[in-house]
There are 2 protein chains.
Amino acid sequence: MAKKNEEFVQQITSRDVDFPQWYTDVVLKTNLVDYSLVRGCMVIKPYGYAIWELIQSELDRRFKETGHQNAYFPLLIPESLLQKEAEHVEGFAPEVLWVTEGGTEKLTERLAIRPTSETIICSMYSKWVQSYRDLPLLYNQWANVVRWEKTTRPFLRTAEFLWQEGHTIHATREEAEEETIKMLNVYREFCENVLAMPVTAGRKTENEKFAGAVDTYSIEALMHDGKALQAGTSHFLGQHFSKVYDIKFLDKDSQQKYAWQTSWGVTTRLIGGLIMVHGDDRGLKLPPMVAPKQVMIIPIAMFKPGVLDKANELFDEIKKAGIRVDIDDDDSQSPGYKFNECEMKGIPVRLEVGPRDIENGTVVLVRRDTFEKITVPMENIADTIKKLLDDIQKNMLVEATKARDEHTYPATTHEELMDALANKKGYVKAMWCGCTECEKELKAQTGATIRNMPFEQEHLSDVCALCGKPAKHMVYIARAY
Amino acid sequence: MAKKNEEFVQQITSRDVDFPQWYTDVVLKTNLVDYSLVRGCMVIKPYGYAIWELIQSELDRRFKETGHQNAYFPLLIPESLLQKEAEHVEGFAPEVLWVTEGGTEKLTERLAIRPTSETIICSMYSKWVQSYRDLPLLYNQWANVVRWEKTTRPFLRTAEFLWQEGHTIHATREEAEEETIKMLNVYREFCENVLAMPVTAGRKTENEKFAGAVDTYSIEALMHDGKALQAGTSHFLGQHFSKVYDIKFLDKDSQQKYAWQTSWGVTTRLIGGLIMVHGDDRGLKLPPMVAPKQVMIIPIAMFKPGVLDKANELFDEIKKAGIRVDIDDDDSQSPGYKFNECEMKGIPVRLEVGPRDIENGTVVLVRRDTFEKITVPMENIADTIKKLLDDIQKNMLVEATKARDEHTYPATTHEELMDALANKKGYVKAMWCGCTECEKELKAQTGATIRNMPFEQEHLSDVCALCGKPAKHMVYIARAY
């Protein structure tokens with residue numbers, strides 16, 4: 001038995017031995033995804049999709065609470081439409097898939113599969129907006145997009161992925177800028193409180209911004225291997241698109257004006273972040289709010305009279321309280337095997353109940369985050385579990401924040417910066433002069449990039465850690481996914 | 001004022017004058033959809049998408065309650081994979097869009113945009129299934145698909161549409177057949193109880209079945225203009241695909257066997273059905289269960305002190321009870337205009353509250369389905385409305401069933417059949433010998449098709465109404481969307 005359980009854990013490579021392999025082992029062995037026959041396209045299996053559904057439902061509620069509505073725009077974009085905004089098309093052209101044939105006929109114009117939907121949505125907004133009374137339009141869509149990338153990894157970078165894209169237009173610059181920051185903050189709050197994943201919110205550099213944006217803002221998270229993950233972006237598009245796609249309105253002052261625009265999105269990539277922030281050598285570790293199963297009941301000595309009945313009774317009681325609970329009553333597997341599987345799948349709480357527990361009127365609860373084992377009364381079990389899940393959710397954010405802070409290294413000189421990037425795993429905080437040359441050289445030399453200029457600025461020194469010229473911003477630097 | 005209200009209604013063509021135009025007017029004027037720049041692709045606007053979200057949530061719950069899980073499979077299908085099942089590819093090839101270029105490079109193999117996902121899903125099932133213990137797999141996906149059709153109409157037939165597709169595999173034929181019928185019944189129950197749309201469930205003829213299926217079952221609904229709409233299908237696929245895509249399992253008896261398969265789907269087309277079954281010359285008429293707004297509060301003499309406060313108070317109370325309520329406090333429009341708009345948008349209940357109502361402690365409720373106007377106490381208003389919504393939901397099904405039954409004409413002879421098809425609007429019930437020649441001739445002569453062989457068979461006569469040979473089935477015949 002012990003041997004079998006050991007084998008189970010050995011299926012997963014240790015995180016610190018080979019992190020990329022650990023990641024691949026986890027996503028495949030826990031049945032989150034599988035590779036498909038199409039280059040760079042993954043299949044999201046039910047366990048992975050259930051996490052996405054929970055993410056969707058939490059985000060969708062937040063979008064609606066902030067006044068947004070969902071809509072659906074076409075998958076296909078005529079080439080002439082995509083070509084209109086020069087910067088935008090230049091940014092996306094290398095990754096666009098082109099449809100050229102329908103049935104047995106050649107199409108008269110190539111159709112792009114949407115890599116993002118600014119262009120097609122702008123073409124509609126231009127029809128829908130006449131007066132300031134029509135503004136703002138606060139629309140979002142849940143959709144698939146395709147970017148035909150060469151190197152892909154499940155969730156992190158796939159040719160097709162699922163996402164939401166918000167597209168809003170406003171009468172004034174101020175309102176659009178406010179929306180951009182508001183939605184970034186929705187993402188930040190969501191990542192912290194739902195995914196238990198601390199993020200650093202800030203503005204991207206000119207060099208790293210979205211093709212066609214005036215300003216791009218991002219939230220960045222730090223993974224266990226010390227690399228950063230861009231977890232979400234919010235763009236202030238200014239009037240770039242509205243001028244090109246002719247989104248004009250008659251303002252209160254009887255003047256024709258171009259609308260001000262934003263777009264913002266998060267993707268299935270968030271699931272990759274979740275895995276790499278929380279997972280450990282036992283496998284996944286899911287925050288209760290996005291765990292498809294929050295509690296797994298494992299009956300001990302199932303064959304003894306009364307055990308299964310009691311387990312089912314507990315199941316009913318816990319389920320009734322709105323907790324996502326399951327029961328593992330497979331009699332072909334030992335409890336030890338089930339414990340391991342439960343840990344591998346990242347289920348926040350395991351509940352063990354056997355003959356002795358029943359005698360004592362207790363059950364054993366084991367936390368996935370700390371492996372702490374507690375014996376609690378059966379009475380009010382749903383309440384006890386609710387409190388425990390709440391505590392796990394909070395503790396996971398605390399632990400992840402601690403890990404992030406412990407792996408954030410300030411560097412005030414060029415030497416310190418290079419040393420940190422060469423020898424430490426994590427973020428480097430440094431001052432930057434704001435010029436693109438320094439940024440490009442940093443990338444060329446180290447492979448690291450400026451992740452963003454965080455809203456919460458610190459003054460580390462007066463000069464740029466790269467070139468020694470006067471500093472403008474504190475930035476986070478890291479290698480990134 | 002009266003003139004303005006009249007104009008409002010005149011925006012919509014009368015149903016009985018020009019039904020197709022009435023349909024177009026309704027979908028555009030009520031902001032359900034708009035045309036896009038891409039041939040045959042519609043934009044689903046927020047009001048239309050909100051209906052789809054309600055449909056999704058009701059269906060998804062039913063799928064999960066019957067043991068199904070959601071997953072997500074790739075949008076793109078390699079040509080070689082699609083080609084494997086001959087009948088299937090023949091059925092879909094004329095409507096497939098082909099991706100041939102990625103960025104600036106030609107792809108080594110063409111990729112089809114999924115017209116349906118049997119082939120890509122089978123390629124995964126073949127990897128995932130080894131033993132009878134792995135069965136059944138009961139998966140569903142919510143996705144977009146593309147069929148490059150020539151003639152399109154919003155919701156009813158669009159090049160891209162949204163749908164769900166269930167794909168299940170089983171160890172035995174019996175189990176797969178049971179699943180096929182079970183899911184058809186889920187659709188039937190859903191259409192009746194949620195969409196208030198009566199449907200006729202039955203088996204399709206050989207000629208009309210899905211490309212690659214052994215048996216196709218459908219639910220058919222009768223529209224106001226007497227044409228039928230196929231509202232959902234459920235296919236028993238036998239072992240056709242599992243043999244071609246090699247989905248084998250080791251059974252309990254240690255024999256290698258091919259799995260038995262089903263697939264089933266409904267689409268955004270259901271919204272088209274909803275419109276054409278219930279709508280009238282005033283516009284949409286939505287059943288409360290899928291109405292994005294169930295109640296619209298319209299304050300009367302809004303400028304008088306206390307009116308708006310009371311309206312907002314009622315709003316809070318009704319909202320708290322879980323009813324989807326809105327308030328129209330736009331002071332640039334008259335109540336009369338708002339009444340009309342509310343009717344056009346199909347909102348089930350309109351609530352009027354003015355100074356006299358406040359004095360009397362009452363409000364006025366107006367039903368969209370019957371235009372009945374009742375004065376009720378303000379006290380317990382949420383309960384009163386809940387009961388009313390429930391009654392409207394039920395009444396709409398009763399009325400739609402009555403309309404369907406009144407437009408169903410039995411025909412026992414060839415003459416009666418031809419007469420009914422020429423002069424009546426609706427279903428013709430007739431006996432059929434079961435041969436494809438009769439069916440094809442019927443279509444060639446009249447444009448009508450056999451919709452299905454309903455489960456609820458009646459014996460109308462001994463002989464086929466088309467050829468006079470011995471009859472095998474009673475069928476529903478109609479022209480169809």
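This passage describes how the two chains are related, and then looks at a sheet and a helix pair in chain B. The model is predicted, so local features need pLDDT of at least 70 and side-chain atom pairs count only at pLDDT 80 or more, while totals for chains, interfaces and linings use all residues. Residues are numbered from 1 along each chain as its sequence is written, with chains lettered from A and ligands numbered from 1 in the order in which they are written.

We may begin with the symmetry. Chain B is superposed on chain A by a rotation of 180 degrees with 0.0 Å of shift along its axis, at an RMSD of 0.0 Å (a least-squares fit on the C-alpha atoms of residues with pLDDT of at least 70 in both copies). This is the relation of a two-fold axis. In chain B, the residue that comes closest to the rotation axis is B:V99, whose C-alpha lies at 2.1 Å. Of the interface residues of chain B, 100% are also interface residues in chain A, so the copies meet through the same surface.

Chain B also holds an open sheet of eleven strands with mixed pairing, in the order β3-β7-β8-β14-β11-β10-β9-β22-β23-β21-β20. Here strands (E, at least two residues) and helices (H or I, at least four) are DSSP runs numbered from the N terminus, and two strands pair if DSSP finds at least two bridges between them. The edges are formed by β3 (69-70) and β20 (408-410) of chain B, each pairing on one side only. At the β3 edge, β3(B) runs parallel to β7 (residues 137-146) of chain B over two bridges, and B:Q69 has B:Y139 of β7(B) as its bridge partner. β7(B) is in turn joined to β8 (residues 160-170) of chain B by ten bridges in the antiparallel sense, with B:V145 partnered by B:F161 in β8(B). Elsewhere in the sheet, β10 (residues 215-222) and β11 (residues 228-238) of chain B run antiparallel and share eight bridges; B:E220 stands opposite B:Q230 in β11(B).

Turning to the helices, α10 (residues 307-320) and α13 (residues 381-406) of chain B pack at an angle of about 60 degrees, their axes 9 Å apart (axes are lines fitted to C-alpha atoms over the stretch in contact, and angles run from 0 to 180 degrees between N-to-C directions). α10(B) and α13(B) are therefore oblique to each other, a class left over once angles under 35 degrees count as roughly parallel, over 145 as roughly antiparallel and 65 to 115 as roughly perpendicular. The contact (C-beta atoms, placed from the backbone, within 7 Å) is made by B:L314, B:E317 and B:I318 of α10(B) with B:I381, B:A382 and B:I385 of α13(B).

Terms used:
Two residues are in contact if their C-beta atoms, placed from the backbone, lie within 7 Å.
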